[in-house]
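Q: Please take a close look at the nonpolar interior of this protein, and explain it step by step for someone new to reading structures.

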Amino acid sequence: MQKLSVDIGLSCPNRDGTLGTGGCIYCRNDAFSPDFEKRALPVEEQLRRGKDFFARKYPQMRYLAYFQSYTSTYGDRDAIKDAYGRALADDDVVGMVVSTRPDCFDRDVAAMLSELKSASGKEVIVEFGVETLHDATLGRINRHHSAECACEAVCLAAAAGFPVGVHLILGLPGETESMMAYTVARVSSLPVSTVKFHQLQVLRGTELERQYLAGALPDMPVYTAGEYASLCARLLRSLRPDIAVDRFVAQAPEGLLVSPKWGMKNYQFTALLERTLADIGFPPLADRLAFAL
């Protein structure tokens, strides 16, 4: 199962002036969606190019349309619904993943997604950028929503019948391990199906980079790969056992990354984490990394 990123040219209320103009202090969208010329292409063409790329290696692959760039439920609702519908109409696409902010998901969005799910007969998964469940940190990183807002959005999406994923960032300024463990434990109390862990990355051109280079973040932990693997291993103890882990690390293009520079591929970090988990007697990752539609 492969996600195919689809960019439909949306923005974010934290960038267009509705909430703010600078975005979250760490955000540089092209770090994970670098192919910006895509947003001028029709949804069908973006999916075709993605399938052509993966089919060379994996001819039996099935696909999820992944609406990831910026805030995928923020903008003209009719245009968004049309884009979602065209993605779900693709015969090779078995479902879609909609990634959004908690404050951009409401009952109207849930109803729209439910209608599309029913009409297509395909799965719809909702992912939220939660990052942390500490209001002080959310304010410091310029998120412009509360922890309670995130919890309410997760519950609303789950009540509407969608599998729910959350993204969490580990190593945010001012956050101790106990604070991160609290966030993981609280996520475990919510109707969450999957979680993505990301190490905080300092990217060029962001406010986080400016603060980092100015020495203004003495309380921001900077982990080695081994330290981060140990942190993940310990935090997994706070995660509800039936929640699947989609990933543990993010990877930005080398030219955009300021810190941390581990020089590791995802599979290399996973192997390191496996060894770390084995050392503390934790079950193999294979038991936690599969999410079947």
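**Inside the chain**

A: Buried residues make up 50% of the 293 residues in this chain, which is a predicted model. In soluble globular proteins, nonpolar side chains tend to be buried together. Turning to the interior itself, the largest nonpolar core has 68 residues, and those with the most contacts inside it are Met96, Leu113 and Phe197. Leu113 is a good residue to follow by eye: leaving aside residues up to four places away in sequence, Leu113 touches Tyr84, Met96, Val98, Phe105, Val124, Val126 and Phe162. Apart from the largest core lies another one, made of 12 residues, among them Tyr26, Leu208, Leu217 and Met220.

Around these cores, the secondary structure of the chain comes to 9 helices and 9 strands. If we consider the contacts between residues at least 6 apart in sequence, 80% of them join residues that are at least 24 apart.

The overall dimensions can be set beside this picture of the interior. A compact globule of 293 residues would have a radius of gyration near 19 Å, and because the chain has 19 Å, the two values agree. Along its principal axes, the C-alpha trace spans about 50 × 45 × 40 Å.

Finally, on the outside, the accessible surface of the chain comes to about 13100 Å², and 52% of this area belongs to carbon and sulfur atoms. As for charge, the chain has 32 positive and 36 negative charges, whose mean positions are 4 Å apart.

Note on methods:
Residues numbered from 1 in each chain as written. Predicted model: local features only at pLDDT ≥ 70, side-chain atom pairs only at ≥ 80, totals over all residues. Heavy atoms only, no water. Core = buried A, V, L, I, M, F, W, Y, C linked by side-chain atoms within 4.5 Å. Buried < 20%, exposed > 50% of the residue type's maximum accessible area, 1.4 Å probe, protein only. Contact = heavy atoms within 4.5 Å. Helix = DSSP H or I, 4+ residues; strand = E, 2+ residues; numbered from the N terminus. Rg over C-alpha atoms; globule rule 2.2 N^0.38 Å. Areas by Shrake-Rupley, 256 points an atom, 1.4 Å probe, with all protein chains shown as cover. Lys, Arg positive; Asp, Glu negative; His and termini not counted. Charge placed at Lys NZ, Arg CZ, Asp CG, Glu CD.
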